[in-house]
Amino acid sequence: MEQKLIDHLFRYHSGKMVSVLIRIFGLKHLDIIEDAVQDTFIKASISWRTKQPDHPEAWLTQAAKNRVLDIFRKLKNERRHQPNINQGTDAIAINELFLDSEIEDAQLRMIFTACHPKLNSRDRISFALKTVSGFSIKEISSALLTKEDTIKKRLLRARKTIKQSQLKFKIPQGKALPQRLESVMEILYLIFNEGFHSNKKEVLIRKELCGESMRLTQILLKNTLTRTPEVYALYALMCFHSARLETKTNVQNELLDLKNQDRNLWYFPLIELGNIMMNKAVAEHTEFSCYHYEAAIAAEHLRAKTFEDTNWEKIHYWYQCLNTLQPMPIHVLNMAVVCIQNQDFTIAKMYLDDIKPKDFEQRAYLFYGAKADYYANTNNSNEAIKYLDLALNAVTNTLEKVYLQKKKLKLLNYK
């Protein structure tokens, strides 16, 4: 139980701790601070075996603070780097930085620092996922569909750039803000997606990641500088998807697709909140972002009382708008899936012929699965089974593997 609690706290609070400690000690000491936070959780895993503290988060925060100071003392940098946090006005100032509002401000600074234009665009995302939300290298690799060695290199390069460029730990002002905000939203979107559809072997849904990305997006919405129509649209999208989380699997922990989900179990307060956010996202605004279109697609699915009532033409249109704005193989694949559902098989094949498995890296099974659906719906069971086998060889998640095996068995029984 203790280890489960520590893992939970690490996911929720490591980013907070790193952000606040950087605000205290400075961005140039990032490596030391990250090591200190990591050491703190190792210490907790040992210490809590005998007795769990009454206030675990406060215990971790104080322990991390003390650990950083210990390291600075060992490096004999006390006078130059260490604020006197034990007495007087310095102690008051430091303690105030651990108030909820100041923690949010520190995390907002951390997010924007991670998205600094001096960092390579790919490095930014990896660095933010690691620093702000405590992702492991393996989790970042999964979220970005990239090899772990590549992620390690990106993190090293980001840290090197931060040191060489002496980046400031602050929220950008003026013209620099919109561009940086775009990178921030991309990161929050990726964190949410890894929670909504994880690439982990045994877990399909990771609610804590969905919650973390929504919490960070709320921080953006609380700040007048970062409260934009795009952020409202992103939050609406998260609300719409989160409303369906409980119905993505059944009591046997089997994956359920949209067709077989119990729509009565969708969480309507979140749908209502998503609608409110979407209304704010489109109010007096004529230029729409990718988040607007994705939220519109999600809303269309939620609007249908049954799967058969789904307005596939409208969803196809929104996907076309999305792909025009942001051309990506995954959008083409989704358009193919929509056309299969709508029995527009000629157009579906055109889309499928336009993309390749390698376009999807670790999620190539999605491509193979769509091809299997195409052939199953055009009465070519042999080809459908062939592509299901390819999907089964490529998929890593156990729930998705079982789902694909059932589809294959169903086809074999029909033959």
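**Exercise 1.** Which residues of α7 are buried?

*Solution.* This is a predicted model: local features need pLDDT of at least 70, side-chain atom pairs count only at pLDDT 80 or more, and totals for chains, interfaces and linings use all residues. Residues are numbered from 1 along each chain as its sequence is written, and side-chain values use heavy atoms, without hydrogens and water.
- Set the cut-off: buried means under 20% relative accessible area (1.4 Å probe, protein chains only).
- List the buried residues of α7: Asp 123, Arg 124, Ile 125, Ser 126, Phe 127, Ala 128, Leu 129 and Thr 131.
- Conclude: eight of the eleven residues of α7 (residues 121–131) are buried, so this helix is largely enclosed by the rest of the structure.
- Check the N-terminal end: Asn 120 caps α7, with a side-chain oxygen 2.8 Å from the backbone nitrogen of Arg 122.

**Exercise 2.** Determine how α14 packs with α15.

*Solution.*
- Take the angle between N-to-C directions, on a scale from 0 to 180 degrees. For α14 (residues 290–303) and α15 (residues 312–325) the angle is about 165 degrees, and the axes lie 9 Å apart.
- Classify: α14 is therefore roughly antiparallel to α15, a label for angles over 145 degrees.
- Add the hand: the crossing of α14 and α15 is left-handed.
- Inspect the contact (heavy atoms within 4.5 Å): Tyr 293 and Ile 297 of α14 are among its residues, as are Trp 312 and Trp 318 of α15.

**Exercise 3.** Place Asn 397 and describe its surroundings.

*Solution.*
- Locate Asn 397: the loop between α19 (381–394) and α20 (398–414).
- Assess burial: Asn 397 has 0% relative accessibility, so Asn 397 counts as buried.
- Look along the chain: Leu 204 is 193 residues away, yet the C-alpha atoms of Asn 397 and Leu 204 are separated by 6.8 Å.
- Finish with the side chain: a polar atom of Asn 397 lies 3.0 Å from the backbone nitrogen of Leu 399.

Technical notes. Helix = DSSP H or I, 4+ residues; strand = E, 2+ residues; numbered from the N terminus. Parallel < 35°, antiparallel > 145°, perpendicular 65-115°, else oblique. Left-handed = near helix turned anticlockwise from the far one by under 90°. Buried < 20%, exposed > 50% of the residue type's maximum accessible area, 1.4 Å probe, protein only. Polar contact = N/O pair within 3.5 Å; in protein donor to acceptor, adjacent residues only side chain to side chain.
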